[in-house]
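Work through the exercises below with the sequence and the model at hand. Each task is followed by its solution in steps.

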Amino acid sequence: EALVLADPPSPLRPRRQQRVLDAATIALLVPIAAEVAATTVGACVGVFASLCAIAALWLPVFPYYRMAPVLIAVLALLRYARNGSARALFAAAASATLGVLWSFDTGVYALAGTIGAFAILRFFRLEAKPLPWSRIAAIFAVALALPFVVLLAVRADITRFFVDSFVLLPRAIDATWALAAPAKIDAESLRYYLPPAFYGFLGALAFLALRRGDRALAARLAIVTLFSLLFFRTAVGRVGWSHTRFALPLLGIAVVAFVLEPLILRRRWIAAALLAVPLFFHLEIAPNSAAGAKLLAGWRARQRHDGMVRYPFATGRGLYTSEQNATDLASLKTFLDSLGPQDATILDFSNERALYYLLQRKPPLRTMEISMLSVPELLSEAMAQLNAHPPIAVVLSGYAEIGTFDGVPNRVRVPELARWIDANYPVRTQVGRFMVATR
């Protein structure tokens with residue numbers, strides 16, 4: 001926490017850090033496109049198409065930095081396949097292993113993609129300059145050791161990390177976060193169903209390239225196809241507007257470099273036009289362009305923060321909010337301070353987890369994401385922690401639109417915890433928008 005939030009903590013610093021990391025991650029699309037496109041124009045169009053596919057110009061608030069392990073691995077493997085660089089292969093392997101610590105899901109995609117892509121390159125002899133097995137073993141051994149070095153350096157509980165990451169979360173995440181695939185076919189559902197079908201088409205192109213002896217093209221196709229399919233697990237696990245788009249960082253580049261650009265270079269104008277027209281709508285080029293232009297035009301106005309005020313706490317330094325929200329938060333802090341010392345814990349049952357940071361109050365349990373407590377093992381752990389160290393108050397509700405996750409309130413998700421709160425915190429007090437339960 002001290003490393004990320006600084007001391008004293010300020011959201012301004014990590015906010016800037018995330019913007020820089022987001023920009024640096026998205027910038028990786030440029031060298032990736034340069035590796036697979038035949039022309040500079042094709043690379044530029046491919047990057048723009050990928051930006052539109054992930055809605056980067058429309059809603060540039062997604063945590064794009066989480067893509068970094070995958071994009072670094074893709075770029076490094078493309079270069080390794082082209083020139084046999086040991087440094088490139090090590091970059092891919094290190095990105096994959098350290099990526100599990102950076103962002104667990106995308107790190108796993110990077111790890112599986114790196115191992116799978118290297119196996120394909122070696123089995124089908126697609127490497128331009130194959131490295132000897134002894135050097136490959138050394139590269140992967142060092143890369144595998146890196147996350148353990150990091151965990152030891154920060155004195156992490158390695159056993160708990162592996163149990164939580166590879167046992168508890170995989171067993172719990174679908175039941176907690178998953179959204180089913182759409183049943184009806186419309187424009188939005190096509191954005192979910194068409195990409196994996198296209199990746200299958202790319203796989204077929206890779207096979208055809210291999211049969212005709214174009215190993216360089218087959219290698220590029222295999223790498224992009226495999227990572228694209230793995231990253232699409234983000235959407236398969238949770239079929240929502242944001243996840244469906246977040247899962248497509250390589251789609252635009254792949255369509256342009258492997259399909260549209262070859263058609264144009266071969267002067268097959270009709271086929272290129274028949275592809276470009278539906279692609280324009282599928283990638284939402286117009287909404288992205290309009291939204292991007294609007295955001296750029298309104299940049300100066302947003303710096304004035306008209307109608308907004310600063311957060312009422314030191315922890316909100318550099319951020320603005322509505323006057324009503326600032327008043328509600330200040331009232332909540334005053335009320336909680338009257339109940340106990342600053343180091344006393346509170347429990348957020350309202351899904352407004354930022355309260356812990358803004359109010360500088362720690363939660364009384366390890367799993368502060370209430371929806372995750374629908375997992376019996378995590379619930380048992382949480383109830384034991386609550387009984388051993390009960391909080392001074394429970395924030396029951398705040399913003400109504402945040403209080404339910406996927407339309408399911410926490411009282412329905414975790415009824416045992418709700419009953420425990422009702423039994424032990426019977427007093428209800430309305431503090432601004434917040435309903436607070438106390439003893």
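Two strands count as paired if DSSP finds at least two bridges between them. The model used here is predicted.

**Exercise 1.** Decide whether strands S4 and S8 are paired, and state in which sense.

Solution. Strand S4 covers residues 393-397 and strand S8 covers residues 434-438. There are 3 bridges between S4 and S8. The rule asks for at least two, so S4 and S8 pair, in the antiparallel sense. Within this pairing, valine 394 is opposite alanine 437 in S8.

**Exercise 2.** Place the strands in their sheet and find which ones stand at the edges.

Solution. The order is S3-S4-S8-S7, an open sheet of 4 strands with mixed pairing. S3 (346-348) and S7 (427-431) each have a single partner strand, so one side of each lacks a neighbour in the sheet. These two are the edge strands. On average, neighbouring strands here are turned by 25° against each other, direction ignored.

**Exercise 3.** Classify two of the aromatic pairs by their ring geometry.

Solution. A pair of aromatic rings is described by the distance of the centres and the angle of the planes. The count in this model is 21 aromatic pairs. For phenylalanine 161 and phenylalanine 162 the centres are 5.3 Å apart and the planes make 80°. Planes over 60 degrees apart count as edge-to-face, so this pair is edge-to-face. For tryptophan 420 and tyrosine 425 the values are 5.6 Å and 50°. An angle that is neither under 30 nor over 60 degrees counts as tilted, so this pair is tilted. Both tryptophan 420 and tyrosine 425 are buried.

How values were computed: Residues are numbered from 1 along each chain as its sequence is written. This is a predicted model: local features need pLDDT of at least 70, side-chain atom pairs count only at pLDDT 80 or more; totals for chains, interfaces and linings use all residues. Side-chain values use heavy atoms; hydrogens and water are left out. Axes are lines fitted to C-alpha atoms, for helices over the stretch in contact, and angles run from 0 to 180 degrees between N-to-C directions. Rings of Phe, Tyr and Trp (its six-membered ring) pair if their centres lie within 6.5 Å; planes under 30 degrees apart count as stacked, over 60 as edge-to-face and the rest as tilted. Buried means under 20% relative accessible area, exposed over 50%, partly exposed in between (1.4 Å probe, protein chains only).
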